[in-house]
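Got the viewer open? Here's a walk through the fold, one selection at a time.

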Amino acid sequence: MSTLTVSSSGIGIAHLPNQKHRIISKKGAHFTLMVCGESGLGKTTFINTLFATTIKNHKVHEKRHEKQLDRTVEIEITKAELEERMFRVKLTVIDTPGFGDYVNNRESWVPIIEFIDDQHESFMLQEQQPMRQGKIDMRVHACLYFIRPTGHSLKPLDIEIMKRLSSRVNLIPVIAKADTLTPKDLAQFKQNVRQAIEANHIKIYSCPIESEDEETTKRNKSIADAFPYAIIGSTNIVQTADGRKVRGREYSWGVAEVENEEHCDFKKLRNLLIRTHMLDLMTTTEDVHYENYRQQQMATRKFGEPKVTKKPENPKFREKEEELRKSFTAKVKAEETRFREWEQQLITERDRLNKDLETQHAQIKQLESELDKLYQQVGRSGTVRR
(Lines give C-alpha, C1' and ligand atoms only; values in the text may rest on other atoms or scores of the structure.)
Protein backbone atom coordinates (compact mmCIF):
# COMPACT_ATOMS: atom_id res chain seq x y z
CA MET A 1 0.00 0.00 0.00
CA SER A 2 1.45 3.32 -1.13
CA THR A 3 1.62 6.24 1.27
CA LEU A 4 0.45 9.77 0.41
CA THR A 5 3.19 12.35 0.76
CA VAL A 6 2.05 15.96 1.26
CA SER A 7 4.35 18.93 1.17
CA SER A 8 5.05 20.50 4.53
CA SER A 9 3.63 23.78 3.19
CA GLY A 10 0.28 22.11 2.47
CA ILE A 11 -1.79 22.24 -0.72
CA GLY A 12 -2.81 25.88 -0.34
CA ILE A 13 -6.24 25.73 1.29
CA ALA A 14 -5.01 27.98 4.07
CA HIS A 15 -4.51 30.77 1.53
CA LEU A 16 -8.26 31.08 0.83
CA PRO A 17 -8.74 33.83 3.50
CA ASN A 18 -5.95 35.81 1.81
CA GLN A 19 -7.70 35.47 -1.55
CA LYS A 20 -10.99 36.55 0.02
CA HIS A 21 -9.27 39.50 1.66
CA ARG A 22 -7.84 40.66 -1.68
CA ILE A 23 -11.23 40.37 -3.40
CA ILE A 24 -13.05 42.32 -0.67
CA SER A 25 -10.29 44.93 -0.53
CA LYS A 26 -10.60 45.49 -4.27
CA LYS A 27 -14.39 45.43 -4.34
CA GLY A 28 -15.00 47.53 -1.21
CA ALA A 29 -18.19 47.44 0.79
CA HIS A 30 -21.63 49.04 0.96
CA PHE A 31 -22.97 50.17 4.31
CA THR A 32 -26.37 51.77 4.90
CA LEU A 33 -27.06 53.54 8.18
CA MET A 34 -30.42 55.01 9.19
CA VAL A 35 -30.79 57.70 11.85
CA CYS A 36 -34.26 58.17 13.27
CA GLY A 37 -35.60 60.47 15.94
CA GLU A 38 -37.04 63.91 16.63
CA SER A 39 -35.47 67.06 15.25
CA GLY A 40 -32.88 68.83 17.37
CA LEU A 41 -31.26 65.71 18.88
CA GLY A 42 -27.96 66.09 17.04
CA LYS A 43 -28.31 63.37 14.38
CA THR A 44 -26.44 65.32 11.70
CA THR A 45 -23.68 66.30 14.12
CA PHE A 46 -23.30 62.69 15.25
CA ILE A 47 -22.96 61.38 11.69
CA ASN A 48 -20.27 63.94 10.90
CA THR A 49 -18.52 63.15 14.20
CA LEU A 50 -18.75 59.39 13.63
CA PHE A 51 -17.04 59.47 10.23
CA ALA A 52 -14.75 62.40 11.07
CA THR A 53 -15.86 64.35 8.00
CA THR A 54 -18.84 66.35 6.76
CA ILE A 55 -21.28 63.75 5.46
CA LYS A 56 -24.45 65.78 5.99
CA ASN A 57 -24.91 69.53 6.03
CA HIS A 58 -26.79 71.14 8.88
CA LYS A 59 -30.25 72.47 8.19
CA VAL A 60 -31.17 76.09 8.73
CA HIS A 61 -32.99 76.05 12.08
CA GLU A 62 -35.04 79.13 11.18
CA LYS A 63 -36.70 77.14 8.39
CA ARG A 64 -37.44 74.10 10.54
CA HIS A 65 -41.12 75.00 10.97
CA GLU A 66 -41.82 76.09 7.39
CA LYS A 67 -43.24 72.65 6.56
CA GLN A 68 -45.46 72.39 9.60
CA LEU A 69 -48.54 72.44 7.39
CA ASP A 70 -47.34 69.40 5.41
CA ARG A 71 -47.15 67.21 8.51
CA THR A 72 -45.24 64.53 6.62
CA VAL A 73 -42.21 62.38 7.45
CA GLU A 74 -39.62 62.57 4.68
CA ILE A 75 -36.92 60.12 3.68
CA GLU A 76 -33.64 61.92 3.02
CA ILE A 77 -30.79 59.94 1.43
CA THR A 78 -27.15 61.05 1.57
CA LYS A 79 -24.39 59.08 -0.15
CA ALA A 80 -20.64 59.30 0.34
CA GLU A 81 -17.55 57.24 -0.41
CA LEU A 82 -14.98 56.84 2.35
CA GLU A 83 -11.46 55.50 1.95
CA GLU A 84 -9.06 54.38 4.65
CA ARG A 85 -5.81 52.47 4.02
CA MET A 86 -6.79 51.78 0.39
CA PHE A 87 -10.12 50.27 1.44
CA ARG A 88 -13.29 51.97 0.17
CA VAL A 89 -16.73 51.96 1.76
CA LYS A 90 -19.74 53.32 -0.10
CA LEU A 91 -21.78 54.85 2.69
CA THR A 92 -25.50 55.65 2.54
CA VAL A 93 -27.07 57.63 5.36
CA ILE A 94 -30.87 57.65 5.65
CA ASP A 95 -32.42 60.49 7.65
CA THR A 96 -36.09 60.89 8.56
CA PRO A 97 -36.80 64.63 8.99
CA GLY A 98 -40.28 65.39 10.29
CA PHE A 99 -40.63 62.32 12.51
CA GLY A 100 -42.06 63.13 15.96
CA ASP A 101 -42.15 66.88 15.30
CA TYR A 102 -45.91 67.41 15.45
CA VAL A 103 -48.64 67.41 18.06
CA ASN A 104 -50.43 64.58 16.28
CA ASN A 105 -47.84 61.91 15.33
CA ARG A 106 -50.35 59.19 14.55
CA GLU A 107 -48.80 56.62 12.19
CA SER A 108 -45.84 58.91 11.51
CA TRP A 109 -43.67 55.78 11.41
CA VAL A 110 -45.40 54.41 8.28
CA PRO A 111 -43.07 56.06 5.70
CA ILE A 112 -40.01 54.78 7.61
CA ILE A 113 -41.30 51.20 7.82
CA GLU A 114 -42.36 51.25 4.17
CA PHE A 115 -38.91 52.46 3.10
CA ILE A 116 -37.17 49.58 4.91
CA ASP A 117 -39.59 47.04 3.42
CA ASP A 118 -39.23 48.57 -0.04
CA GLN A 119 -35.46 48.05 0.05
CA HIS A 120 -35.92 44.35 0.88
CA GLU A 121 -38.53 44.10 -1.88
CA SER A 122 -36.29 45.83 -4.43
CA PHE A 123 -33.34 43.54 -3.66
CA MET A 124 -35.54 40.43 -3.80
CA LEU A 125 -36.91 41.40 -7.23
CA GLN A 126 -33.38 42.04 -8.52
CA GLU A 127 -32.33 38.56 -7.37
CA GLN A 128 -35.19 37.05 -9.39
CA GLN A 129 -34.03 38.62 -12.66
CA PRO A 130 -32.09 36.58 -15.28
CA MET A 131 -29.25 39.14 -15.24
CA ARG A 132 -28.23 39.97 -11.69
CA GLN A 133 -25.08 41.99 -12.30
CA GLY A 134 -25.05 45.53 -10.94
CA LYS A 135 -27.65 44.99 -8.23
CA ILE A 136 -28.51 48.09 -6.22
CA ASP A 137 -28.51 47.25 -2.52
CA MET A 138 -29.87 49.86 -0.12
CA ARG A 139 -31.00 47.48 2.61
CA VAL A 140 -30.59 49.20 5.97
CA HIS A 141 -27.82 47.53 7.99
CA ALA A 142 -28.33 49.48 11.21
CA CYS A 143 -30.86 51.95 12.55
CA LEU A 144 -29.83 54.37 15.29
CA TYR A 145 -32.91 55.51 17.17
CA PHE A 146 -32.20 58.77 19.01
CA ILE A 147 -33.97 59.12 22.38
CA ARG A 148 -34.54 62.54 23.88
CA PRO A 149 -32.74 62.82 27.26
CA THR A 150 -35.83 63.52 29.36
CA GLY A 151 -34.50 61.69 32.41
CA HIS A 152 -37.72 59.67 32.71
CA SER A 153 -38.31 56.83 30.23
CA LEU A 154 -39.43 56.07 26.68
CA LYS A 155 -42.42 57.93 25.28
CA PRO A 156 -45.34 55.98 23.73
CA LEU A 157 -44.20 57.12 20.27
CA ASP A 158 -40.71 55.74 20.93
CA ILE A 159 -42.16 52.39 21.95
CA GLU A 160 -44.48 52.12 18.94
CA ILE A 161 -41.84 52.78 16.30
CA MET A 162 -39.13 50.74 18.05
CA LYS A 163 -41.47 47.73 18.09
CA ARG A 164 -41.92 48.00 14.33
CA LEU A 165 -38.28 48.72 13.57
CA SER A 166 -36.89 45.89 15.69
CA SER A 167 -38.49 43.20 13.52
CA ARG A 168 -37.08 44.69 10.30
CA VAL A 169 -33.63 46.10 11.03
CA ASN A 170 -30.73 46.00 13.47
CA LEU A 171 -32.07 48.51 15.99
CA ILE A 172 -29.61 50.38 18.21
CA PRO A 173 -31.12 52.85 20.74
CA VAL A 174 -29.06 55.97 21.41
CA ILE A 175 -29.51 58.57 24.15
CA ALA A 176 -28.79 61.91 22.52
CA LYS A 177 -27.01 64.84 24.15
CA ALA A 178 -25.77 62.86 27.16
CA ASP A 179 -23.96 65.92 28.46
CA THR A 180 -27.31 67.44 29.47
CA LEU A 181 -27.72 64.85 32.26
CA THR A 182 -25.65 64.31 35.38
CA PRO A 183 -23.89 60.91 35.63
CA LYS A 184 -26.40 59.77 38.26
CA ASP A 185 -29.43 60.86 36.23
CA LEU A 186 -27.95 59.32 33.08
CA ALA A 187 -27.41 55.95 34.78
CA GLN A 188 -31.00 55.97 36.07
CA PHE A 189 -32.34 57.01 32.67
CA LYS A 190 -30.44 54.15 31.02
CA GLN A 191 -31.97 51.71 33.49
CA ASN A 192 -35.47 53.07 32.83
CA VAL A 193 -34.98 52.71 29.08
CA ARG A 194 -33.74 49.12 29.47
CA GLN A 195 -36.77 48.24 31.59
CA ALA A 196 -39.17 49.82 29.07
CA ILE A 197 -37.55 47.93 26.19
CA GLU A 198 -37.73 44.63 28.08
CA ALA A 199 -41.33 45.23 29.23
CA ASN A 200 -42.49 45.93 25.66
CA HIS A 201 -40.55 42.98 24.16
CA ILE A 202 -38.52 45.17 21.79
CA LYS A 203 -35.70 43.28 20.06
CA ILE A 204 -32.44 45.21 20.14
CA TYR A 205 -29.33 44.34 18.14
CA SER A 206 -26.95 42.45 20.38
CA CYS A 207 -23.39 42.06 19.17
CA PRO A 208 -21.60 38.70 19.50
CA ILE A 209 -19.62 38.56 22.72
CA GLU A 210 -17.72 35.29 22.79
CA SER A 211 -14.41 35.17 20.95
CA GLU A 212 -11.26 33.08 20.92
CA ASP A 213 -9.35 36.10 22.16
CA GLU A 214 -10.02 36.94 25.80
CA GLU A 215 -9.31 40.63 25.24
CA THR A 216 -11.82 40.74 22.35
CA THR A 217 -14.46 39.01 24.48
CA LYS A 218 -13.92 41.54 27.26
CA ARG A 219 -14.23 44.42 24.78
CA ASN A 220 -17.40 42.99 23.23
CA LYS A 221 -18.97 42.55 26.66
CA SER A 222 -18.12 46.15 27.51
CA ILE A 223 -19.82 47.32 24.30
CA ALA A 224 -22.93 45.21 24.93
CA ASP A 225 -23.27 46.33 28.55
CA ALA A 226 -23.22 50.01 27.57
CA PHE A 227 -26.62 49.84 25.80
CA PRO A 228 -28.47 52.17 25.37
CA TYR A 229 -25.52 54.21 24.19
CA ALA A 230 -25.28 57.72 25.64
CA ILE A 231 -23.47 59.94 23.16
CA ILE A 232 -22.10 63.45 22.73
CA GLY A 233 -21.66 64.77 19.21
CA SER A 234 -19.29 67.56 18.26
CA THR A 235 -16.97 68.33 15.37
CA ASN A 236 -15.27 71.20 17.22
CA ILE A 237 -11.75 70.94 18.61
CA VAL A 238 -11.53 72.38 22.13
CA GLN A 239 -8.74 72.60 24.69
CA THR A 240 -9.01 70.89 28.06
CA ALA A 241 -7.75 72.23 31.37
CA ASP A 242 -4.59 70.13 31.06
CA GLY A 243 -3.81 71.50 27.60
CA ARG A 244 -5.05 68.59 25.47
CA LYS A 245 -6.91 69.38 22.23
CA VAL A 246 -9.91 67.10 21.82
CA ARG A 247 -13.25 66.97 20.08
CA GLY A 248 -15.94 68.00 22.52
CA ARG A 249 -18.14 70.72 23.94
CA GLU A 250 -16.82 73.47 26.15
CA TYR A 251 -18.83 74.65 29.15
CA SER A 252 -18.16 76.99 32.06
CA TRP A 253 -17.58 73.98 34.30
CA GLY A 254 -15.24 72.18 31.90
CA VAL A 255 -15.13 70.19 28.66
CA ALA A 256 -17.36 67.26 27.68
CA GLU A 257 -15.10 65.05 25.57
CA VAL A 258 -16.58 63.03 22.72
CA GLU A 259 -14.04 60.20 22.85
CA ASN A 260 -13.70 60.01 26.63
CA GLU A 261 -15.45 56.84 27.82
CA GLU A 262 -15.98 58.41 31.24
CA HIS A 263 -18.07 61.13 29.59
CA CYS A 264 -20.10 59.16 27.02
CA ASP A 265 -20.32 55.91 25.00
CA PHE A 266 -19.30 57.39 21.64
CA LYS A 267 -16.18 55.21 21.25
CA LYS A 268 -18.10 52.05 22.11
CA LEU A 269 -20.83 52.89 19.61
CA ARG A 270 -18.24 53.68 16.94
CA ASN A 271 -16.55 50.34 17.57
CA LEU A 272 -19.91 48.61 17.32
CA LEU A 273 -20.84 50.28 14.05
CA ILE A 274 -17.48 50.35 12.29
CA ARG A 275 -14.37 48.87 13.86
CA THR A 276 -15.54 45.56 15.30
CA HIS A 277 -19.08 44.64 14.20
CA MET A 278 -19.82 46.26 10.82
CA LEU A 279 -19.55 42.88 9.09
CA ASP A 280 -21.86 41.29 11.66
CA LEU A 281 -24.43 44.05 11.05
CA MET A 282 -24.28 43.30 7.31
CA THR A 283 -24.49 39.56 7.87
CA THR A 284 -27.42 39.85 10.28
CA THR A 285 -29.27 42.02 7.78
CA GLU A 286 -28.69 39.45 5.04
CA ASP A 287 -29.27 36.24 6.99
CA VAL A 288 -31.99 37.33 9.42
CA HIS A 289 -33.99 40.42 8.45
CA TYR A 290 -33.87 39.99 4.68
CA GLU A 291 -34.51 36.25 4.91
CA ASN A 292 -37.49 36.81 7.22
CA TYR A 293 -38.97 39.29 4.74
CA ARG A 294 -38.27 36.97 1.81
CA GLN A 295 -39.87 33.98 3.52
CA GLN A 296 -42.98 35.96 4.46
CA GLN A 297 -43.41 37.22 0.90
CA MET A 298 -42.67 33.92 -0.84
CA ALA A 299 -45.20 32.16 1.40
CA THR A 300 -48.02 34.35 0.07
CA ARG A 301 -46.83 35.15 -3.48
CA LYS A 302 -45.85 33.26 -6.59
CA PHE A 303 -42.39 33.61 -8.08
CA GLY A 304 -42.09 36.96 -9.87
CA GLU A 305 -45.53 38.10 -8.74
CA PRO A 306 -45.56 41.80 -7.76
CA LYS A 307 -46.22 42.75 -4.17
CA VAL A 308 -49.81 43.64 -3.40
CA THR A 309 -49.77 46.89 -1.52
CA LYS A 310 -52.62 48.79 -0.03
CA LYS A 311 -52.97 52.34 -1.18
CA PRO A 312 -51.09 54.32 1.45
CA GLU A 313 -53.00 56.91 3.36
CA ASN A 314 -51.28 60.25 3.02
CA PRO A 315 -51.00 61.82 6.48
CA LYS A 316 -50.69 65.20 4.82
CA PHE A 317 -54.38 65.16 3.88
CA ARG A 318 -55.70 63.07 6.77
CA GLU A 319 -56.93 65.93 8.92
CA LYS A 320 -58.30 67.81 5.92
CA GLU A 321 -60.16 64.68 4.85
CA GLU A 322 -61.59 64.35 8.35
CA GLU A 323 -62.75 67.97 8.27
CA LEU A 324 -64.36 67.48 4.85
CA ARG A 325 -66.08 64.33 6.10
CA LYS A 326 -67.51 66.18 9.09
CA SER A 327 -68.58 69.09 6.88
CA PHE A 328 -70.24 66.71 4.44
CA THR A 329 -72.05 64.91 7.26
CA ALA A 330 -73.28 68.22 8.69
CA LYS A 331 -74.56 69.34 5.28
CA VAL A 332 -76.32 66.02 4.73
CA LYS A 333 -78.02 66.31 8.12
CA ALA A 334 -79.05 69.91 7.34
CA GLU A 335 -80.52 68.82 4.01
CA GLU A 336 -82.33 65.92 5.66
CA THR A 337 -83.82 68.34 8.20
CA ARG A 338 -84.91 70.69 5.41
CA PHE A 339 -86.46 67.81 3.44
CA ARG A 340 -88.32 66.67 6.55
CA GLU A 341 -89.66 70.21 7.04
CA TRP A 342 -90.79 70.29 3.41
CA GLU A 343 -92.36 66.88 3.82
CA GLN A 344 -94.21 68.05 6.90
CA GLN A 345 -95.41 71.16 5.06
CA LEU A 346 -96.63 69.02 2.16
CA ILE A 347 -98.43 66.68 4.55
CA THR A 348 -100.05 69.66 6.28
CA GLU A 349 -101.08 71.16 2.92
CA ARG A 350 -102.41 67.79 1.78
CA ASP A 351 -104.48 67.44 4.93
CA ARG A 352 -105.84 70.97 4.46
CA LEU A 353 -106.76 70.32 0.84
CA ASN A 354 -108.34 66.98 1.76
CA LYS A 355 -110.36 68.70 4.46
CA ASP A 356 -111.45 71.42 2.01
CA LEU A 357 -112.32 68.72 -0.52
CA GLU A 358 -114.41 66.88 2.06
CA THR A 359 -116.17 70.15 2.89
CA GLN A 360 -116.86 70.76 -0.80
CA HIS A 361 -118.16 67.19 -1.16
CA ALA A 362 -120.44 67.71 1.82
CA GLN A 363 -121.77 70.94 0.32
CA ILE A 364 -122.33 69.24 -3.02
CA LYS A 365 -124.23 66.41 -1.34
CA GLN A 366 -126.34 68.91 0.55
CA LEU A 367 -127.12 70.79 -2.67
CA GLU A 368 -127.94 67.51 -4.40
CA SER A 369 -130.25 66.61 -1.53
CA GLU A 370 -132.00 69.97 -1.72
CA LEU A 371 -132.31 69.60 -5.50
CA ASP A 372 -133.88 66.16 -5.09
CA LYS A 373 -136.40 67.57 -2.65
CA LEU A 374 -137.21 70.36 -5.09
CA TYR A 375 -137.74 67.88 -7.93
CA GLN A 376 -140.07 65.85 -5.72
CA GLN A 377 -142.15 68.94 -4.89
CA VAL A 378 -142.35 69.82 -8.58
CA GLY A 379 -143.44 66.31 -9.43
CA ARG A 380 -146.41 66.48 -7.03
CA SER A 381 -147.66 69.88 -8.05
CA GLY A 382 -146.88 69.48 -11.73
CA THR A 383 -145.79 73.14 -11.97
CA VAL A 384 -143.21 75.32 -10.54
CA ARG A 385 -144.30 78.58 -9.00
CA ARG A 386 -142.09 81.44 -9.71
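Before the first click, one term: two strands pair if DSSP finds at least two bridges between them. Keep in mind, too, that this is a predicted model.

**Stop 1: the sheet.** Colour the strands and you'll find an open sheet of six, ordered β2-β3-β1-β4-β5-β6, with mixed pairing. The edges belong to β2 (76–84) and β6 (229–230); each has a single partner strand, so one side of each lacks a neighbour in the sheet. As a reminder, strands of a sheet pair through backbone hydrogen bonds, either parallel or antiparallel.

**Stop 2: β1.** Select residues 29–36. Seven of the eight residues in this strand are buried. On one flank, β1 runs parallel to β3 (residues 87–95), joined by seven bridges. On the other, four bridges tie β1 to β4 (residues 142–147), again in parallel. Now show M34: which residues does it face? In β3, the residue opposite M34 is I94, and in β4 it is C143.

**Stop 3: β4 into β5.** Move along to residues 171–175, which make up β5; five bridges link it to β4, and the two run parallel. Two pairs are good to label here: L144 has I172 as its bridge partner, and I147 sits opposite I175. Next, turn on the side chains of β5. L171, P173 and I175 point one way, I172 and V174 the other, and all are buried. With five of five residues buried, β5 is largely enclosed by the rest of the structure.

**Stop 4: helices across the sheet.** Add α2 (residues 43–50), which lies across β1, β3 and β4 and runs at about 150 degrees to β1. Then add α7 (residues 266–275). That helix crosses β1, β4, β5 and β6, at about 165 degrees to β5.

**Stop 5: α8.** Select residues 278–300. Does the length of this helix look right, or wrong, for its 23 residues? At 1.5 Å a residue they should span 33 Å, and the end C-alpha atoms are 32 Å apart, which agrees. Zoom in on T285 and you'll see the centre of a kink of about 35 degrees. T285 is also one of the buried residues of α8, a set that includes M278, L281, H289, Y290 and Y293. What do the buried residues pack against? Their contacts are with β1, α3 (110–127), β4, α4 (156–166) and α7.

**Stop 6: backbone oddities.** Most residues other than glycine have a negative phi, and most peptide bonds are trans. Three loop spots are worth a look with that in mind.

- K177, in the loop between β5 and α5 (183–199), has a positive phi of about 50 degrees. Its relative accessibility is 39%, so K177 counts as partly exposed.
- H201 lies in the loop between α5 and α6, with phi near 55 degrees. At 68% relative accessibility, H201 counts as exposed.
- P228 is in the loop between α6 (214–225) and β6. The peptide bond from F227 to P228 is cis, with omega near -10 degrees.

**Last stop: residues 350–377.** An unreviewed UniProt entry annotates this stretch as "coiled-coil region". In the model, residues 350–377 are 100% helix and 0% strand, with end C-alpha atoms 40 Å apart.

Definitions and conventions
Residues are numbered from 1 along each chain as its sequence is written. This is a predicted model: local features need pLDDT of at least 70, side-chain atom pairs count only at pLDDT 80 or more; totals for chains, interfaces and linings use all residues. Side-chain values use heavy atoms; hydrogens and water are left out. Buried means under 20% relative accessible area, exposed over 50%, partly exposed in between (1.4 Å probe, protein chains only). Contact means heavy atoms within 4.5 Å. Axes are lines fitted to C-alpha atoms, for helices over the stretch in contact, and angles run from 0 to 180 degrees between N-to-C directions. UniProt positions are given in the numbering used here, feature names are shortened, and annotations may be inferred rather than shown by experiment. The expected span of a helix is 1.5 Å times one less than its number of residues. The bend at a residue is the angle between axes fitted to the seven residues ending there and the seven starting there.
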